[in-house]
Amino acid sequence: SIAPGGEAVIGHEDDIRGGNSDAEVHLSYVEHITIVSSEGDTATRNGTIAGDWTSSSDHKRRMPSYWAHRHVMTVTDADLE
């Protein structure tokens with residue numbers, strides 16, 4: 001479970017050899033997300049829509065190239081049905 005204002009890691013993958021600076025490439029790995037509140041309300045999202053995420057990238061290392069990407073999806077009470 002995730003507390004209000006909390007975060008959960010739903011996927012992790014080390015970058016391919018040579019690194020990839022394009023954060024949106026990784027969004028294709030999360031096709032469907034369903035969030036259920038403790039009251040049983042739900043929010044469903046298509047995880048491949050870049051506009052639903054706030055993304056950031058950090059070039060951790062040049063040789064060999066390594067990028068760390070972070071994607072955060074915010075869900076509010078208004079999103080729950």
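The following dialogue concerns charged side chains in a predicted model.

Mentor: In this predicted model, local features need pLDDT of at least 70, side-chain atom pairs count only at pLDDT 80 or more, and totals for chains, interfaces and linings use all residues. Residues are numbered from 1 along each chain as its sequence is written, and side-chain values use heavy atoms, with hydrogens and water left out.

Trainee: What makes the contact of Glu7 with Arg70 a salt bridge?

Mentor: A salt bridge requires a side-chain nitrogen of Lys or Arg within 4 Å of a carboxyl oxygen of Asp or Glu. The closest N and O atoms of Glu7 and Arg70 are 2.5 Å apart, so the pair meets that definition. Glu7 lies in the segment before E1 and Arg70 in strand E4 (residues 66–72), 63 residues apart.

Trainee: Why is Glu7 called exposed?

Mentor: Exposed means over 50% relative accessible area, buried under 20%, and partly exposed in between (1.4 Å probe, protein chains only). Glu7 has 54%, and is therefore exposed.

Trainee: Why does Arg70 count as partly exposed?

Mentor: Its relative accessibility is 43%, so Arg70 falls between the two cut-offs.

Trainee: Which other side chain does Asp79 meet in a salt bridge?

Mentor: Asp79 meets Arg45, at 3.1 Å from N to O. Asp79 lies in the segment after E4 and Arg45 in strand E2, so the pair ties together parts 34 residues apart in sequence.

Trainee: Why is Arg45 called buried?

Mentor: Arg45 has a relative accessible area of 15%, so it is buried. Asp79, at 28%, is partly exposed.

Notes: Helix = DSSP H or I, 4+ residues; strand = E, 2+ residues; numbered from the N terminus.
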